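User: Please take a close look at one part of this model. I would like a connected account of the part and what surrounds it.

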Amino acid sequence: MNYAVIKKNDIANGPGVRVSLFVSGCRHHCRNCFNREAWDFSYGQPFTRETMNEILNALAPSYVAGLSFLGGEPLEPENQASLLELARLFKERFPEKTLWCYTGFTFETDLLTGSVGDPEILRELLSYIDVLVDGKFVEELKDAGLIFRGSSNQNIIDVPKSLVEGRMVLLEGTWRRTMGSGDIDEV
C-alpha cells in the first residue's frame, strides 16, 4: 500500500484533533474529487512499519481524539490488510480513542455483504472502526453546510451498533455548520 499524506493535527475529518491517513488508490473516480491525485495506487510513499510507528507516535498526546482513514479509498482490496494491521495496533494502544473511516463504498450493499476484497479481512477491519462515512461524493448533492461529509447522500454510521444489528445504524445526531459562523450544531 502507498499513502498520499499523514495529517497530524486534522480537525476536518472527525471530531476533535485527529491524525488522518490519506491512502493511495481509488477506483470510484468521483467527479470533482478533492484528492484526485490519490486515485493512483502508486502515488505517494510506501506504507512501512516506520510509517505505522510515526502514526502511532502522533496519536499519543492526550489532546488527540483519534485516527481517521481517508483516500484515495481506504477500503480498496489492496489497502485493507495494511489498514487492518494499523487498526489493530491503534485499538490495542489507544482503546479510548476513535477510528473514523471515509469510503466511497456503501455500508449495506458493499461492506456488510463482504463483496469488497477479502471478507474476513474486511469484517475484522470493520470491527475496529467506530464511525464510517460511506458513499461516493456526488457533486450535485454537495452541501457546504454539512460537516464530516461532502455530499448529502453520504451517511455517518455507528459501526459497532450496525454490526450488532446487521444493518446500517446512523450515528446519533447529524451535524451541520451554522451558516455565518464556525459553530457546529446537532440537528
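User: Is Phe148 buried or exposed? Start there and work outward through the sheet.

Analyst: This is a predicted model. Phe148 has a relative accessibility of 9%, so the residue counts as buried. The cut-off for buried is under 20%. Phe148 sits in the loop between β6 and β7. Its backbone is worth a look. Phi of Phe148 is near 70 degrees, a positive value, and the residue is not a glycine.

Next, the ring and its partners. The structure holds 4 aromatic pairs. In one of them, Trp100 and Tyr102 have ring centres 6.4 Å apart. Their planes meet at 35 degrees, so this pair is tilted. Trp100 is buried, at 3% relative accessibility. Tyr102 is buried too, with a relative accessible area of 13%. Trp100 also pairs with Phe148. Here the ring centres are 5.1 Å apart and the planes stand at 65 degrees, so the pair is edge-to-face. This pair links distant parts of the chain. Trp100 belongs to strand β5, Phe148 to the loop between β6 (131–134) and β7, and 48 residues separate them. Together, Trp100, Tyr102 and Phe148 make one aromatic cluster.

Now the strands around the cluster. β5 and β6 run parallel and are joined by 3 bridges. Trp100 stands opposite Val131 in β6. So the residue whose ring pairs with Phe148 also has a place facing β6. In a regular strand, side chains alternate between the two faces of the sheet. In β6, Val131 and Val133 point one way, while Leu132 and Asp134 point the other way. All four are buried. β6 continues to β7, and these two pair in the antiparallel sense over 4 bridges. Leu132 has Ile157 of β7 as its bridge partner.

On the other side of β5 comes β4. Strand β4 (residues 64–70) and strand β5 (residues 98–102) run parallel, with 4 bridges between them. Leu67 stands opposite Leu99 in β5.

Step back to the whole sheet. It is open and has 7 strands, in the order β3-β1-β2-β4-β5-β6-β7. The pairing is mixed. The edges are β3 (45–46) and β7 (155–158), each pairing on one side only. Helix α1 (residues 49–58) packs on the sheet and touches β1 (2–10), β2 (17–23), β3 and β4. The direction of α1 makes about 15 degrees with that of β1.

A second helix also meets β5. This is α2 (residues 77–93), with 17 residues. At 1.5 Å a residue it should span 24 Å, and its end C-alpha atoms are 25 Å apart, which agrees. Even so, α2 bends by about 25 degrees at Leu83. Leu83 is one of the buried residues of α2; the list also includes Asn79, Gln80, Leu86, Phe90 and Lys91. The buried residues of α2 pack against β2, α1, β4, β5 and α4 (119–128). Strand β5 thus has α2 among its contacts, along with its neighbours β4 and β6.

One backbone feature lies in the loop between β4 and α2. Gly72 is placed there. A cis peptide bond joins Gly71 and Gly72, with omega about 25 degrees.

Finally, the far edge of the sheet. Gln45 lies in strand β3. At 45% relative accessibility, Gln45 counts as partly exposed. Leaving out residues up to four places away in sequence, Gln45 touches Met1, Asn2 and Tyr3. Gln45 and Val23 are 22 residues apart in sequence, and their C-alpha atoms are 9.4 Å apart in space.

To return to the starting point: Phe148 is a buried residue in the loop between β6 and β7. Its ring meets that of Trp100 edge-to-face. Trp100, in strand β5, stands opposite Val131 in β6.

Notes: Residues numbered from 1 in each chain as written. Predicted model: local features only at pLDDT ≥ 70, side-chain atom pairs only at ≥ 80, totals over all residues. Heavy atoms only, no water. Pairing = 2+ DSSP bridges. Contact = heavy atoms within 4.5 Å. Axes fitted to C-alpha atoms, helices over the stretch in contact; angles between N-to-C directions. Phe/Tyr/Trp six-rings, centres within 6.5 Å; stacked < 30°, edge-to-face > 60°. Buried < 20%, exposed > 50% of the residue type's maximum accessible area, 1.4 Å probe, protein only. Expected span 1.5 Å × (residues − 1). Bend = angle between axes of the 7 residues up to and from the residue.
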